[in-house]
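I wanted to go through the cysteines of this model one pair at a time and write down what I found. The entries below follow the order in which I looked things up.

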Amino acid sequence: MSTRFVLAAVLATAGLTSCHNSRYCEGNYVGNDCDYPIDADGSSGSDASTGCTSDQDCTSPTPACDVDGSKMCVQCIAPADTDACTGMTPVCGSDDACHACTSHAQCTSDVCLPDGSCDSGSDVAYVAAGGSGSACTQAVPCGTMANALATVRPYIKASGSLDEQVSIDNQAITILADPSTKLTYSSPGVILTITGTSTVSIFDLEIDDGLGATGVGISMPTGNMSTVALERVKVDNCDGGGVVTDGGTLSIERSTISGNTGGGISISAGAFTLENNFVVANGAATSAFGGVKIDAITTTGTHQFDFNTISANVGPATVDTGVLCGTVTVPLTLDSNIIYANSVSSGGHQLGGSTNCGAIYSDIGPDGSAGSGNINADPVFVSTTESDYHLTSGSPCIDVADPAATLDVDFDGDTRPQGSGRDIGADEYKP
């Protein structure tokens, strides 16, 4: 006789009835419903209809019983299960499931890494306005970026308003910032200089108020071979220019470059990726360029310029103040950008310079530009007087970006597309 039939006979003698999911019933049994579901060893349990009664009823990957709620086995119970979620999904959400972190405050270390995990804090140098010393711990943060860099830890967590001139040379570092964290320099000069073969990633930091002709926000000077990535960064109000590079590799995503009287972004002789950015209200009557200048691009490589909004930039007469291409000897294709209403005069253009710079599926105007899918129409921003360059419902840029594009988020992190196609520019209109 099989073990199954022996067990059934034993259960029948004990007054128990076999039911689904290898459980047994003590009491009435109708269909798949047990009044008192139990395990074969006599311990209490659950079935699909009555749910769990304790964590003992649950196993991985849903090890917690929501006793006070759904009576179901879940990943964690918010907010009590602080240790239930780990790794790449360290946060217990209101849905009682584990998620990636999205803010530093969700982590006990106060450091949410870009991959959605919480750092332990042991490899983080903490720097805060008003901090002191050189330990740079969470409990006793240091007061300057220079002290934090000297620890040679891979991460720097910054908070508050920091007034200093910072240099990063031949160092691999990721800088993470709390909301409203600013790096400024109260004397003339470059605020942040990156040299050598540094690998630098910066998230959520604001760099502003560079003073004088040399007051550049971020500089990658001649001869550097650095790789620099900016995400959700703001560079504004710098007299010498926002971001100025000569060589290396630059990536700027989901960032704002604005109000820099020396010009917005100047890229020379390097690889670059510019995606989902607002480059607005840069330049002056005496600046060499307005929004973006691309120069000395003579070899093939990564040269990506997609889904940016370039508007309200200014420059001297004859200058192409939206995007100015200088010496560009390899073909560059600017895809799905708004380059509109930059101030031009005496023959200047929104997009101009080298004939190797072309645009597709972009809104360029009022002067317009030839290219597949290009339009020339007012983008209908929310409010240029309030510096809000998001799209409104009546924008002609909605749903008409490059149909071959695969970009899945916009400046705000909203999903692309929201409609039948992606929207041109940094913003995906969200109804």
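Entry 1. I began with Cys85 and Cys98, which form a disulfide with their sulfur atoms 2.1 Å apart. I kept in mind throughout that this is a predicted model.

For the handedness I looked up the torsion about the S-S bond of Cys85 and Cys98, which is about -75°, so I entered this disulfide as left-handed. The pair links distant parts of the chain, 13 residues apart, with Cys85 in the loop between strand S7 (73–74) and strand S8 (91–92) and Cys98 in strand S9 (residues 98–99).

I then checked how accessible the two residues are. Cys85 has a relative accessibility of 6% and therefore counts as buried, and Cys98, at 16%, counts as buried as well, because the cut-off for that word is under 20% relative accessible area.

Entry 2. I turned next to Cys52 and Cys65, whose sulfur atoms lie 2.1 Å apart in a disulfide. What is the handedness of the disulfide of Cys52 and Cys65? The torsion about its S-S bond is about 95°, so I noted the disulfide as right-handed.

This pair, too, links distant parts of the chain: I found Cys52 in the loop between strand S5 (37–38) and strand S6 (64–65), and Cys65 in strand S6, with the two positions 13 residues apart in numbering. Are Cys52 and Cys65 buried or exposed? I have both of them down as buried.

Entry 3. My third pair was Cys136 and Cys142, which a disulfide joins at an S to S distance of 2.3 Å. The cut-off for calling two cysteine sulfur atoms a disulfide is within 2.5 Å, and I recorded the pair on that basis.

The torsion about the S-S bond of Cys136 and Cys142 is about 105°, so this disulfide is right-handed. For accessibility, I noted that Cys136 counts as buried because its relative accessibility is 0%, and that Cys142 is buried with a relative accessible area of 0%.

Entry 4. I also looked up two further cysteines for their accessibility alone. Cys238 counts as buried at 0% relative accessibility, and Cys397 is buried with a relative accessible area of 0%; I made no note here on the partner of either residue.

Entry 5. To close, I asked how many disulfides the structure holds. The count is 8, and the pairs I described above are among them, including Cys85 with Cys98 and Cys136 with Cys142.

Note on methods
Residues numbered from 1 in each chain as written. Predicted model: local features only at pLDDT ≥ 70, side-chain atom pairs only at ≥ 80, totals over all residues. Heavy atoms only, no water. Helix = DSSP H or I, 4+ residues; strand = E, 2+ residues; numbered from the N terminus. Buried < 20%, exposed > 50% of the residue type's maximum accessible area, 1.4 Å probe, protein only.
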